[in-house]
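Student: Got a minute to go through this one with me? I'd like to start with what counts as buried.

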Amino acid sequence: MLVLGIESSCDETGVALVDASGQGVPVLLSHALHSQIDMHQAYGGVVPELASRDHIRRVLPLIDEVLGQGQRSLDQVDVIAYTRGPGLAGALLVGAGVACSLAASLGKPVMGVHHLEGHLLSPFLSADPPAFSFVALLVSGGHTQLMRVDRVGNYELLGETIDDAAGEAFDKSAKLLGLPYPGGPHLAKLAQGGDAEAFKLPRPLLHSGDLDFSFSGLKTAVLTQAKKLGEPIGEKARADLAASTQAAIVEVLVKKSLKALEQTGLKRLVVAGGVGANALLREQLNAACKKKGIRVHYPELHLCTDNGAMIALAAGMRLQAGISEANSAYSFDVKPRWPLDMLAAQQ
């Protein structure tokens, strides 16, 4: 069973082809990705209308590229999957419209996929795939959540951010330091030359007793420090503030993840989403979990950001598990807001 997956939830257009014929994890045959970073840099963030228009330009050529790489023809595809939500409404509609139109023209079934489920399952495409059950840390520009995952489609929300996500904290702090979009990777690079203890920044909700997150207060603290330093901020001070900011975010993520593992009694952690590529986060999670005999699994670095492979994979795994069926009703809707723990109820 060949599944063609289309991702268009925000500022990356991704397409991938997986083979879900066997009982094991679907095999990734090919994938292609176009990032809109260069286009949005001039505006300091994603412009939804521009993102939607660029998805329209990119998606069909990427489908041709993926089929060519995978040495498959379009009529060999059995199911076409697309990101149904969450994400930017206009961007989601591009992927949904293309998927449903293409499926209708071929007489093939179509399937809407939850974007976060794609991220959550993406480590199954890595060289070191996890096994159920596990705690998942979903950490990206728009989401920071801890989930208990017992099997495909069975997700229990343990904790989530009550305001800014970790990725937003990285990006907004980077902007305060005069770093270009997307700020997170630039802040992490600048932090390499800084002192993480130079500034005493808050660790919001670190001792709250629950598994929720909050990063808006940290952003405010970074703004306060930046104002104290004046304009222009010296290079050493910028690096120190970047390092201190990154250290605060990472400490909260690590300690909350460990607390979730302790509360559930599970010995396996999955980290997914764009912030999961952060080197300091991986280093500290690996060290902390090794001491407690906990296995940590990540997606491959090139699959941490939004991509079509995770959408095709999630569709394939759901079909294999028999918990979702592709359908031939080619009318569609999208869900810009779609809680992952409500996935089963909202299918």
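Tutor: Sure. Buried means under 20% relative accessible area, and exposed means over 50%. Keep in mind that this is a predicted model.

Student: OK, so is T83 buried or exposed?

Tutor: T83 is buried, because its relative accessibility is 1%. T83 sits in strand 4, which covers residues 79–85.

Student: Which side chain does T83 have a polar contact with?

Tutor: The side chain of E7, at 2.5 Å. Skipping neighbours within four places in sequence, T83 also has contacts with residues including I6, S8, S9, L92 and I311.

Student: S9 caught my eye. Where is S9?

Tutor: S9 is in the loop between strand 1 (2–7) and strand 2 (12–19). With 3% relative accessibility, S9 counts as buried. Its side chain makes a polar contact with the side chain of E7, at 2.5 Å.

Student: And what does S9 touch?

Tutor: Leaving out residues up to four places away in sequence, S9 touches T83, P86, G87, L88, A91, L92, H115 and D306.

Student: Switching to rings. How many aromatic pairs are there?

Tutor: The count comes to four aromatic pairs. One of them is F124 with F134: the ring centres are 6.3 Å apart and the planes are at 50 degrees, so that pair is tilted.

Student: Where do F124 and F134 lie?

Tutor: F124 is in the loop between helix 4 (115–121) and strand 6 (134–139), while F134 is in strand 6, so the pair ties together parts that are 10 residues apart in sequence. F124 is buried at 7% relative accessible area, and F134 is buried at 0%.

Student: What about F132 and F134?

Tutor: F132 and F134 form a stacked pair, with 5.6 Å centre to centre and 15 degrees between the planes. F132 counts as partly exposed, at 34% relative accessibility. Ring pairs link F124, F132 and F134 into a cluster.

Student: Any backbone oddities I should look at? Which peptide bonds are cis?

Tutor: The one from F132 to S133 is cis, with omega near 5 degrees. S133 is in the loop between helix 4 and strand 6. Another cis peptide bond joins Y181 and P182, where omega is about -10 degrees. P182 is in the loop between helix 5 (166–176) and helix 6 (183–191).

Student: Which residues other than glycine have a positive phi?

Tutor: Q71 has a phi of about 55 degrees, and L205 has one near 60 degrees. Q71 is in the loop between helix 2 (48–70) and strand 4, and it counts as exposed at 70% relative accessibility. L205 is in the loop between helix 6 and helix 7 (216–229), and L205 counts as partly exposed at 29%.

Student: Last topic, helix packing. At what angle do helix 8 and helix 9 cross?

Tutor: Roughly 35 degrees, and the axes of helix 8 (residues 235–264) and helix 9 (residues 279–291) come within 10 Å. The crossing is right-handed.

Student: Which residues meet there?

Tutor: From helix 8, residues including Q246, A247, V250, L253 and L261 meet helix 9 residues, among them L280, Q284, A288 and C289. How does that contact divide up? The residues are 11 nonpolar, three polar and no charged.

Technical notes: Residues numbered from 1 in each chain as written. Predicted model: local features only at pLDDT ≥ 70, side-chain atom pairs only at ≥ 80, totals over all residues. Heavy atoms only, no water. Helix = DSSP H or I, 4+ residues; strand = E, 2+ residues; numbered from the N terminus. Buried < 20%, exposed > 50% of the residue type's maximum accessible area, 1.4 Å probe, protein only. Polar contact = N/O pair within 3.5 Å; in protein donor to acceptor, adjacent residues only side chain to side chain. Contact = heavy atoms within 4.5 Å. Axes fitted to C-alpha atoms, helices over the stretch in contact; angles between N-to-C directions. Left-handed = near helix turned anticlockwise from the far one by under 90°. Nonpolar A, V, L, I, M, F, W, Y, C, P; charged D, E, K, R; others polar. Phe/Tyr/Trp six-rings, centres within 6.5 Å; stacked < 30°, edge-to-face > 60°.
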